Amino acid sequence: MVQSKLLKADLHGAVVTVTKSKCPSYVGITGIILQEFKHVFKIITKDNKLKVVPKINNVFSLETDGFISYIYGSKFQLRASERSAKKFKLKGTIDL
C-alpha cells in the first residue's frame, strides 16, 4: 500500500540518501531533491552543494514516518507527471 503510493508520489523536497551504487562516489550522498528529471535527480546537500545523481544503477532510501523505503532508480526512470498516471506491474528486484 505504502509502496504503491510512493511510486506515484512527487519527490520534490524529499530527503533522500544514496544507499547503493555501482559508482562508489555516489554512495552516502544525502540531501533534498531539488529537481527530478527522467534520468537524474538534482540533490542539494547540507554543504549547500548541488549534486546531479543519475537514477540508473543507484538505490535511494527515503524515510517517511520512521519507515525506510528503498527506491530502485532503474525502475524509477520517469518524470513525476508521467509516473502519477502510469500503472506499475510487480516485478522482482535487481541486486547491484
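Strand 1 (residues 15-21) and strand 2 (residues 30-36) run antiparallel and are joined by three bridges. Strands here, like helices, are DSSP runs numbered from the N terminus (E, at least two residues, for strands; H or I, at least four, for helices). Within this pairing, Val-16 sits opposite Gly-31 of strand 2, and Thr-17 sits opposite Thr-30. Strand 1 is also tied to strand 5 (residues 58-64), again antiparallel, through five bridges. Lys-20 has Val-59 as its bridge partner in strand 5.

A word on what you're looking at: this is a predicted model, in which local features need pLDDT of at least 70 and side-chain atom pairs count only at pLDDT 80 or more, while totals for chains, interfaces and linings use all residues. Residues are numbered from 1 along each chain as its sequence is written, and side-chain values use heavy atoms, with hydrogens and water left out.

Now step back to the whole sheet. Six strands make up an open sheet with antiparallel pairing, in the order 4-3-2-1-5-6; two strands pair if DSSP finds at least two bridges between them. Strand 4 (50-54) and strand 6 (67-72) are at the edges with a single partner strand each, so one side of each has no neighbour in the sheet. On average, neighbouring strands are turned by 45 degrees against each other, direction ignored. Those angles use axes that are lines fitted to C-alpha atoms, for helices over the stretch in contact, and run from 0 to 180 degrees between N-to-C directions. Along the sequence, the chain reads α-β-β-β-β-β-β-α, with two helices and six strands.

What about the inside? The largest nonpolar core has 14 residues, and Leu-11, Phe-41, Leu-62 and Ile-71 touch the most other members. Strand 1, strand 3 (40-45) and strand 5 are the elements that give two or more residues to this core. Such a core is a set of buried Ala, Val, Leu, Ile, Met, Phe, Trp, Tyr and Cys residues joined through side-chain atoms within 4.5 Å. Buried means under 20% relative accessible area, exposed over 50%, and partly exposed in between (1.4 Å probe, protein chains only). Of the chain's 96 residues, 28% count as buried.

Take Ile-71: leaving out residues up to four places away in sequence, it touches Leu-6, Leu-11, Asn-58, Val-59, Phe-60, Leu-62 and Phe-76. Contact here means heavy atoms within 4.5 Å.

Phe-41 turns up again in the structure's one aromatic pair. Phe-41 and Phe-60 meet edge-to-face, 5.0 Å centre to centre with 85 degrees between the planes. Rings of Phe, Tyr and Trp (its six-membered ring) pair if their centres lie within 6.5 Å, and planes under 30 degrees apart count as stacked, over 60 as edge-to-face and the rest as tilted. This pair links distant parts of the chain, with Phe-41 in strand 3 and Phe-60 in strand 5, 19 residues apart. Both Phe-41 and Phe-60 are buried.

Finally, have a look at Gly-13, in the loop between helix 1 (2-8) and strand 1. Setting aside neighbours within four places in sequence, Gly-13 contacts Ile-32 and Ile-33. Gly-13 is also 9.3 Å from Ile-43, C-alpha to C-alpha, with their positions 30 residues apart in sequence.
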